[in-house]
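Trainee: Could you take me through how the features of a structure are read, one at a time, with an example for each?

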Amino acid sequence: MTESAVEQPAATDAPTPRTGGSGLAAALIAAGILLSRLLGLVRQMFMARYLGAGMAADAFNAAFKIPNILQNIMGEGALSASLIPVYASLLGRGEREEADRVAGAVAGLLALASTVFVVAGVLLTPMLIALIAPGFEGEKRALTIHLTRILFPGAGIFVLSAWCIGILNSHRKFFLSYAAPVAWNVAMIAALLWFGPRETVPRIAVALAWASVAGAALQFGVQLPTVFRLLGGLRVTLSTTSANVRRVMKNFAPVAVSRGVVQISSYVDQIIASWLPNGAVAMIAYASTLYVLPVSLFGMSVSAAELPELARGVAPGDEALGAIRDRVNTGLRRIAYFVVPSAVAFLLLGDVIVNALLRSGRFGEVESLFTWGILAGSAVGLLASTLARLYSSTFYAFHDTRTPFRFAVARIILGTALGVAAALLGPRLLGVDPRWGAAGLTLASSVAGWFELTLLRRGIDRRLAGWTGIPGGISLRLWGSAALAAAAANGVQLLVADLHRWAVAVIVLGTFGAVYLALTVMAGVPEARGLVRRVAGRLRR
């Protein structure tokens, strides 16, 4: 992602095929995601400070989720996963004119569909609230409706940004597309800093909604100049005469469900959470911001970098299948090395993380405790969710969208059944505060995530005629190292408990990371030793 606009080839240059480089691409994507996610954490810190975890916070987070139905159906990874295999294959074969035709047609069709969905969404918002947050009543419901209508146009703009991601990634220009959300986060942070100390909580929520729309426009705008240069002369049409355009459209619907299963599951969780006490929806959203950081950094970065390369490498024969298996297994190990300690940290050190990032202002000790519980429930399925992204990308490289679609549907059905039981019945049976139902929701989603991963892995193993996964010895060393690192960090936490919460977080999490790295290096984990070599090489320069 260090590729800047001036380093990109002229629009008339034919792409140079490559066979590798996915490790660098993943690092570039991760750098862009890290930049935007860090700003996202800052945004959530100020949201917790000024909105807290009450009625207005629930209304804003529910309203933000509702137009995201449009964003997840038509944008995000769904569009990239259906567009990139077709568009990147055309580029790889040197069919530049047809590739540009596909890009222009998809842009036109997407803009038209987005406009229709936005208008319909604004008009039908009260009905959507009844479907997605049926437990909201009175002032809470009215505020949610108002905020949703403000936010819907921004969701349409996000969809067009997803089209930019597909074009940029196919040309191996990764950094800009994944760093562009920085503009959106900055707009919202600015609104919080200006209105937070001056306005009532409901008015802060309204100002934040308008800032989100403005930030979406900025995010889309910063990508356009580079996209235009790569395409040469974009000709937007609504034509579906090209077989390649029709293939993108055919792949789109099932990809939207299977690729966005985490988001779709979160919508189901929100329906259930709307029946829980005030603050449940907001606390799930705050925990989700922390949870998706490793998913985005490691699962999304690796799968997004591999998708164009896998699409270029698909070919008949045992040799080609073996090469794809090697790419998949390397990617799985790379993901696991970073996600396993993330899951352990969320589970055992989540109190340190939540207190450091969220506890201030209207977000107090009680809210922090429940948010840790919610985060811990999500941590159980963190590795499954990230590995599933790479497995899904492998299916998409073969233009198979139906198989991951079926598995995603199975996950949603199982997660919904478990979620209703864990959230609404669990606290009653255990005799605990009903707000713990939110933690039951995330735990149920985690169990469903492992179920989906099992199905995906078996399907890919059949497709590639061989075994894929993380060797048992590597897995044991990763989990064992993370557990020992957490034990060391907990011991340090007892010694520094009287320091400021940020100092505690830096010392405790720093200890955890250092011990994990040292143990995995000593255990001979290839990814650990490779990381040390890369860092040492950069320092020597």
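**Reading helices and cores**

Mentor: Let us start with one residue: Val42 lies in helix H1 (residues 22-51), where helices are DSSP runs of H or I with at least four residues, numbered from the N terminus. This is a predicted model, in which local features need pLDDT of at least 70 and side-chain atom pairs count only at pLDDT 80 or more, whereas totals for chains, interfaces and linings use all residues. Residues are numbered from 1 along each chain as its sequence is written, and side-chain values use heavy atoms, without hydrogens and water.

Trainee: Why does Val42 count as partly exposed?

Mentor: Buried means under 20% relative accessible area, exposed over 50%, and partly exposed in between, with a 1.4 Å probe and protein chains only. Val42 counts as partly exposed because its relative accessibility is 29%. Its C-alpha atom is separated by 9.2 Å from that of Leu358, 316 residues apart along the chain.

Trainee: What span does helix H18 reach from its first C-alpha to its last?

Mentor: The expected span is 1.5 Å times one less than the number of residues. H18 (residues 402-430), with 29 residues, reaches 40 Å, close to the expected 42 Å. A kink of about 35° lies at Leu424, shortly before Pro427, the bend being the angle between axes fitted to the seven residues ending there and the seven starting there.

Trainee: Which residues have the most contacts inside the largest nonpolar core?

Mentor: Such a core joins buried Ala, Val, Leu, Ile, Met, Phe, Trp, Tyr and Cys residues through side-chain atoms within 4.5 Å. The largest has 108 residues, and those with the most contacts inside it include Phe60 and Tyr286.

Note on methods: Helix = DSSP H or I, 4+ residues; strand = E, 2+ residues; numbered from the N terminus.
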